[in-house]
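Good morning, everyone, and thank you for making the time. Please have a look at the structure on the screen, and then I will take you through it piece by piece.

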Amino acid sequence: MSADAPGSGVTGLRRFVKRPAGAQGAPAPRIPLPGPQNTSAQASQARADQDAERCELCSEVLDGRHGHLVDTDKRSIACACRACYLLFTHGGAAGGKYRAIPERICHDPERPLDGTDWNELQIPVTMAFFFRNSALDRVVAGYPSPGGVTECELDLEAWDRLAVAYPLLAELAPDTEAIFVNKEEVFLIPIDMCYSLVGELRLYWQGFDGGAEVRAALEAFLTGLRRRAVVLAREGER
Ligand SMILES: [Zn+2]
Ligand SMILES: [Zn+2]
């Protein structure tokens with residue numbers, strides 16, 4: 001493990017905290033990939049083949065909608081075709097090295113986050129995400145900042161206390177899902193969405209608080225979450 005992005009610790013997932021290739025102000029790709037290195041005049045077909053997104057396990061060419069796996073050794077995210085994705089939806093395969101990132105987005109409108117509980121976590125901003133790093137057995141908080149993403153480890157007891165009050169937090173799958181908090185709104189989301197958001201915000205970041213473009217990108221992200229989120233099923237309703 002190495003921390004190769006400024007401001008990012010070893011606990012996060014490296015791939016999505018890198019600055020995406022592309023012009024300033026251009027729409028960020030959903031998943032920032034390294035830009036093509038090839039500047040020579042090779043056939044454009046070769047380039048198109050090279051640029052095609054491929055399954056990182058079997059090299060099958062991927063279409064736009066495909067699944068993602070967390071590589072728990074490298075702490076990075078891999079693109080996967082449907083067949084490879086499904087192999088890893090039930091843990092166990094490949095010794096647990098890869099875990100499929102679930103696609104669900106949930107919220108619990110009955111339990112908005114209370115300001116006092118938020119203060120207990122001592123996060124100095126109003127938006128942050130949390131995920132469980134199974135290798136460290138820690139909950140890690142991440143939030144965007146001028147230098148990229150800032151991460152800090154939380155003590156599990158504080159998290160477990162909150163999870164009693166907020167059942168959505170107890171739903172969090174290790175390594176593959178995140179709890180996304182913006183003021184009193186709380187969502188359970190796929191972890192790759194967090195990192196693509198962070199990559200996008202970083203692209204637009206200006207000044208100390210991010211500026212208008214960051215606020216607009218965050219608002220668009222929240223609108224998408226509100227539209228897609230399903231209400232968490234209570235015990236006994238499942
Ligand atoms: Zn595959
Ligand atoms: Zn992908």
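I will go through the metal sites, the strands around them, a second sheet, one helix residue and the internal cavities.

A word on the basis of what you see: this is a predicted model, in which local features need pLDDT of at least 70 and side-chain atom pairs count only at pLDDT 80 or more, while totals for chains, interfaces and linings use all residues. Residues are numbered from 1 along each chain as its sequence is written, chains are lettered from A and ligands numbered from 1 in the order in which they are written, and side-chain values use heavy atoms, with hydrogens and water left out.

Let me begin with the zinc ion that is ligand 1, whose protein donors are C55, C58, C81 and C84, each through its SG atom and at 2.3 to 2.4 Å. By donors I mean N, O and S atoms within 2.8 Å of the metal (3.2 Å for Na, K and Ca), and water is not among the atoms, so sites may look incomplete. Along the chain these donors follow the spacing C-x2-C-x22-C-x2-C. C58 belongs to the loop between α1 (44–51) and β1 (67–71), whereas C84 sits in helix α2 (residues 82–87), so this pair ties together parts that are 26 residues apart in sequence. Helices (H or I, at least four residues) and strands (E, at least two) are DSSP runs here, numbered from the N terminus.

Why is the arrangement around this zinc ion (ligand 1) called tetrahedral? The four donor atoms subtend angles of 102 to 117 degrees, which makes it so. For the cut-offs, four donors count as tetrahedral if all angles lie between 85 and 135 degrees; four count as square planar and six as octahedral if opposite donors are over 155 degrees apart and all others between 65 and 115, and anything else is irregular.

C84 is buried, with a relative accessible area of 9%, while C58, at 40% relative accessibility, counts as partly exposed. Buried means under 20% relative accessible area, exposed over 50% and partly exposed in between, with a 1.4 Å probe and protein chains only.

The zinc ion that is ligand 2 has as its protein donors H66 (NE2), H68 (NE2) and C79 (SG), lying 2.0 to 2.1 Å from it. H68 lies in strand β1 and C79 in strand β2, so the pair ties together parts that are 11 residues apart in sequence. H68 counts as buried at 2% relative accessibility, and C79 counts as buried at 1%.

That brings us to β1 itself, where five of the five residues are buried, so the strand is largely enclosed by the rest of the structure. G67, L69 and D71 point one way from β1, and H68 and V70 point the other way. As background, in a regular strand the side chains alternate between the two faces of the sheet.

Five bridges join β1 to the antiparallel strand β2 (residues 76–80), with L69 standing opposite A78. On the other pairing, three bridges join β1 to β3 (residues 98–100), again antiparallel, and there the bridge partner of D71 is Y98. Two strands pair if DSSP finds at least two bridges between them. The result is an open sheet of three strands in the order β2-β1-β3. β2 and β3 stand at the edges, each with a single partner strand, so one side of each is left without a neighbour in the sheet.

A further open sheet has seven strands, in the order β7-β6-β5-β8-β9-β4-β10, and its pairing is mixed. Its edges are β7 (148–154) and β10 (230–231), each with a single partner strand. Within this part of the model, β5 (residues 127–133) and β6 (residues 138–145) pair in the antiparallel sense over five bridges, and R132 has V139 as its bridge partner in β6.

Turning to helix α6 (residues 191–204), we find V198 there, buried with a relative accessible area of 5%. V198 and G148 are 50 residues apart in sequence, yet 7.6 Å apart in space, C-alpha to C-alpha.

I will finish with a site lined by several residues, including W118, F130 and W159: the largest cavity. Both α3 (115–121) and α4 (156–165) supply at least two residues of its lining. A cavity is a set of points, on a 1 Å grid over the protein atoms alone, where a 1.4 Å probe fits but cannot get out, and lining residues have an atom within 4 Å of a point.

How values were computed. On a 1 Å grid over the protein atoms alone, a cavity is a set of points where a 1.4 Å probe fits but cannot get out, and a pocket is an open set with protein on both sides within 12 Å along at least five of seven lines; lining residues have an atom within 4 Å of a point.
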